[in-house]
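Me: Could you take a close look at one part of this protein for me, the surface patch, and then tell me how the rest of the model frames it? A friendly, connected account would suit me well.

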Amino acid sequence: MSSVLSYESLVHAVAGAVGSVTAMTVFFPLDTARLRLQGVVNVLLTTPLWVVNTRLKLQGAKFRNEDIVPTNYKGIIDAFHQIIRDEGILALWNGTFPSLLLVFNPAIQFMFYEGLKRQLLKKRMKLSSLDVFIIGAIAKAIATTVTYPMQTVQSILRFGRHRLNPENRTLGSLRNVLYLLHQRVRRFGIMGLYKGLEAKLLQTVLTAALMFLVYEKLTAATFTVMRLKSAGKH
């Protein structure tokens, strides 16, 4: 036992800890980049499925906008076939650029959540379940509101059957995103960018608030168990 707690062992332990901290500090940007890259890869792989899903859901709907061309798909395979045949294979990735920008939605959400949480903890020792639920809901509402215009453009590009700017629609480039934002504001005013926001907030805000509540409860329970185990060893 004395050999385990010797000065030499302590030196090795401290050296290992310092090395670990140094390595984590140096490579943390790479780990952050890895997570962002995973989000990008997920967007690129799933966008074709979302494009087809969006068109199938909206098929048969009556639009007041005459610029939208109606579709007639018999199923998923036929939708893929018609899109590739009529618009080219890259049309399956319509809306990619807004989707990549929307990867930052969770980052905005957690930034506001942690900021609001720190402000509340300055005034009280512990947050109640209601506090966590409310600040989680507020954080998600802010993130959703900030990014909703991109979601609107994303949906338009995914639907794709739009006569506006047909010569430059592929992949939802920055030029197309700005073009569609401008057209939306010109036709419907600034609030045209937020049509359907109420439904989106109802869909996401309560879910996110519940997620943060469960997250905080599980975190607290985990630390409690760890403290009990640590006390038991002593």
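Reply: Happy to. One cut-off is needed at the start: a residue is called buried under 20% relative accessible area, exposed over 50%, and partly exposed in between. Ile84 has a relative accessibility of 37%, so this residue counts as partly exposed. Along the chain, Ile84 belongs to helix H2, which covers residues 76–87. On the surface, Ile84 joins Ile89 and Leu90 in a nonpolar patch of about 260 Å². Please keep in mind that this is a predicted model.

Now for the frame around that patch. The protein has 7 helices and 0 strands, and its pattern along the sequence reads α-α-α-α-α-α-α. Of its 234 residues, 32% count as buried. Its accessible surface comes to about 15500 Å², and carbon and sulfur atoms account for 69% of that. As for contacts between residues at least 6 apart in sequence, 74% of them join residues at least 24 apart.

The aromatic rings give a good view of such links. The whole structure holds 3 aromatic pairs. One of them is Phe110 with Phe212, an edge-to-face pair with 5.2 Å from centre to centre and 70 degrees between the planes. Phe110 sits in helix H4 and Phe212 in helix H7 (residues 197–233), so to speak two distant parts of the chain, 102 residues apart. The two partners fall into separate classes of exposure: Phe110 is partly exposed because its relative accessibility is 39%, while Phe212 is buried because its value is 1%. Phe212 also pairs with Tyr113, and here the rings are stacked, with centres 3.9 Å apart and 10 degrees between the planes. That pair, too, links helix H4, home of Tyr113, to helix H7, home of Phe212, across 99 residues. Tyr113 is buried, as is Phe212. Taken together, ring pairs connect Phe110, Tyr113 and Phe212 into a cluster.

Back at the outside, Leu49 makes a useful companion to Ile84. Leu49 lies in helix H1, and its relative accessibility is 54%, so Leu49 counts as exposed. Its C-alpha atom is 9.9 Å from that of Arg158, although 109 residues separate Leu49 and Arg158 along the chain.

How far should you trust each region? The mean pLDDT of the protein is 76, with 70% of the residues at 70 or more. Confidence is highest in helix H4 (residues 105–121), at a mean of 90, and lowest in helix H1 (residues 7–58), at 62. Over residues 30–34 the pLDDT drops below 50, and the model gives this stretch 0 contacts beyond near neighbours in sequence. Residues 168–172 also stay under 50, yet the model has 23 contacts for them beyond four places in sequence. Where pLDDT is low, the predicted coordinates should not be read in detail.

To come back to your patch: its members are Ile84, Ile89 and Leu90, and Ile84 is the one placed here in helix H2.

Technical notes
Residues numbered from 1 in each chain as written. Predicted model: local features only at pLDDT ≥ 70, side-chain atom pairs only at ≥ 80, totals over all residues. Heavy atoms only, no water. Patch = residues over 30% accessible without salt bridge, like charges linked within 9 Å, V, L, I, M, F, W, Y side chains within 5 Å. Areas by Shrake-Rupley, 256 points an atom, 1.4 Å probe, with all protein chains shown as cover. Salt bridge = Lys/Arg side-chain N within 4 Å of Asp/Glu carboxyl O. Helix = DSSP H or I, 4+ residues; strand = E, 2+ residues; numbered from the N terminus. Buried < 20%, exposed > 50% of the residue type's maximum accessible area, 1.4 Å probe, protein only. Contact = heavy atoms within 4.5 Å. pLDDT = per-residue confidence, 0-100. Phe/Tyr/Trp six-rings, centres within 6.5 Å; stacked < 30°, edge-to-face > 60°.
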